[in-house]
Amino acid sequence: MDGDLKPKVVHLRGGAVSIVIDASGPGLPVLRYWGPELSEADAHIVGLGFGESLPVNSPDPVVPLAMLPEAATGHMGRPGLRGHRTGTCWSSAFALTGVAVTAGTSRFTAVDHRADLELVTEVELAPSGLARVRHELTNRGTTAYVLEGLEVALPVPPHADELLDFTGRWARERHPQRRAFDRGAWVRESRHGRTGHDATIGLVAGTRGFGFRSGEVWGIHVAWSGNHLTYAQRLPDGRSTLGGGELLLSGEVILAAGEAYRSPWIYGAYSPSGLDGLSAVFHRWLRSRPQHPVPDRPRPVVLNTWEAVYFDHDHARLRALAEAAADVGVERFVLDDGWFAGRRHSSAGLGDWFVDPDVWPDGLGPLIDHVEALGMEFGLWVEPEMINPDSDLFRSHPDWVLGPAPGVLPVTIRRQQVLNLAHPAAYRYILDRLDSLLRDHNIRYLKWDHNRDLVDAGQDGLASVHDQTLAVYRLLAELRRRHPGVEIESCSSGGARIDLQMLEYTDRVWASDCNDALERQAIQRWTGLFLPPELIGSHVGPSRSHTTSRTHDLSFRLATAIFGHLGLEWDVSTATDEERRQLRRAIATYRALRPLLHGGTVVRVDHPDPSAWVHGVVSADRSAAVFAYVQLATSVDAVPAPWRMPGLDPDRSYRVTLLDQIGPPATAGRSDPAWFESGSVDVGGRVLGVLGLPPPLLAPEQAVLVRLDAVGEPHRQR
């Protein structure tokens, strides 16, 4: 539609959400509205704007707030494009030349003849209500253009005056932090070369005091697995934006004549009903993808061998572990680190992806055959992007390592360096080795680890995190093409590479290396704000945590892990007979509940007592649910606050039944509520959602689970 600026107003609708974009001006399109669904008539009025007051000592024309803000329009905040041609053409001034609109999508083309640049902005709104936006910049000039940043800006209204984002570290990922949405910019940068332990999985702006079930919220996520940034900015005139994109290192992207750069997708969701509504938008979209696990392809119960045997790869011990795993109901057995050449400890072997003949003289085949004979799939741990200096690969090809200059290595981290997958020979080597492993063995699952930040990562003297990230995507895509039946987990020192672009190539994420059930309550709670439970690996560790040395009852460990993709990270061959019985019962219960847990709507309750958390999953038709009451610490109140269970049909009755298959919690009161003593009670959905049930008085670090099943027909109130 070049040269045709109609339609002047673009209205995208989906999931009871409207996005209205003003394309009537000569410059870049302006997102006028992002919120509850509008009629076409209202959208047209909103799209053309109502005019604005002009303050004293401001630019004479009204300054538009485009999805790519420009200084040329009078914008004095963060620019959407930063770049130059050896110091010139540093300020863009794009003119809109084309608009194309189809169902749920729009594409805006603009040209800056002064700087010889072309910009294409794509905006999509899915039926789930999830929006995504990205830019593509093309160099139409004859000289090189140095790109320093290309970011998407999404306006949010002034009444969104509080911010929520996340931070963390290894074994304590994705912990929330709140602040007022003040004037100025709140910028979060991740320079780890991967998503990062401390990176925010999302940035949310909302009405003051918004919670899980209340308040209007707008949230964004940057879908990129390398360096990236997110920001919230409120200008002195009160206008506010959320934005982000890839964080480019100096000289990392230099566009030759005719070359283009495409920014990552920025995903956005609006909810009028708090954070749970935002989660529902993201979860619906992820579940709509063709590759997403579905009820006829359920998430198998996993046993991962790391915390069971570490590097002790003794064939007899692993056979016994596999037998114990199958006995309690495990469906997938994953052999972790230590199987390949020279890998007797974490300081050597990375890069030498050959089965170690000293440890496995007959290869992996006998173990795989044994695992399959027990009725389980076999999976394998790999870390293809890393290399140990103590490896045959490094000794043969030191030039395949990322570094700031030829022959110069960065500081080691975990006694590792990074293999340069943008190097064609290195890429071919890794692809061939992984392809051979998958071709020669019946491996149904790869635990794909990534244990090192990309520090000082370059090739031929140029920064190379961008190229490395794209090479990893190509590698994963090619392996998926060659081996479509193999599932891949994104593991990165635990949860350091969790983003929606990585999930285009993988089937689940490892939320954290910490299996401490108390820590996991928070990690899974906030990872689940954007990802549904079936994508979040959640394992039961041994009674004493590997990472924190904290001890927990098996019932609490199970009550925590059951709300994700359940697995075990424990030498269950050493478990007592009673522990094995408890595991069998709990795993059987999980398998029965799997369609509900992995297909229902996630509910988190704004519980008045911070020492206890309440959460659950409600089926799509609201006929069934599972809820947990989790006592994190000792309460200041002698009698616990009622256990409310929202999200149910208020006009139906439910039978509430204790899920005692995971084991009884330790209680701390003189007596327990009658319904808890009896094990079940019939209660109306309205009562459960508004008033709730009295919970038992639990000891700290204990949990109670209940299943709810609708009984009888709905009885609508007059």
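**Exercises: a buried glutamate and some charge pairs**

In this predicted model, the side chain of E173 reaches the backbone nitrogen of G495 at 3.3 Å. Let's start there.

**Exercise 1.** Work out where E173 sits and whether its side chain is in a salt bridge or without one.

*Solution.*
- Place it first: E173 belongs to strand β12, residues 172–180.
- Next, look for a partner. The nearest side chain of opposite charge is R174, 4.9 Å away, and a salt bridge needs a nitrogen within 4 Å of a carboxyl oxygen.
- So E173 ends up buried with no salt bridge.
- Now check the surroundings. Beyond its neighbours within four places in sequence, E173 is in contact with residues including H197, S493, G494, G495 and D513.

**Exercise 2.** Find out which parts of the chain the R82 and E151 pair ties together.

*Solution.*
- Get the distance: the two side chains form a salt bridge at 2.8 Å, N to O.
- Locate the ends. R82 is in strand β4 (residues 81–84) and E151 in the loop between β9 and β10, so the pair joins parts 69 residues apart in sequence.
- Then check exposure: R82 is partly exposed at 23% relative accessible area, while E151 is buried at 1%.

**Exercise 3.** Do likewise for E489 and R508.

*Solution.*
- Their side chains meet in a salt bridge at 2.5 Å, N to O.
- E489 lies in strand β29 and R508 in strand β30, 19 residues apart, so to speak a link between distant parts of the chain.
- As for exposure, both E489 and R508 are buried.

Technical notes
Residues are numbered from 1 along each chain as its sequence is written. This is a predicted model: local features need pLDDT of at least 70, side-chain atom pairs count only at pLDDT 80 or more; totals for chains, interfaces and linings use all residues. Side-chain values use heavy atoms; hydrogens and water are left out. Helices (H or I, at least four residues) and strands (E, at least two) are DSSP runs, numbered from the N terminus. Buried means under 20% relative accessible area, exposed over 50%, partly exposed in between (1.4 Å probe, protein chains only). Lys and Arg count as positive and Asp and Glu as negative; His and the chain ends are not counted. A polar contact is a pair of N or O atoms within 3.5 Å; within protein, one must be able to donate a hydrogen and the other to accept it, and residues adjacent in sequence count only if both atoms are side-chain atoms. Contact means heavy atoms within 4.5 Å.
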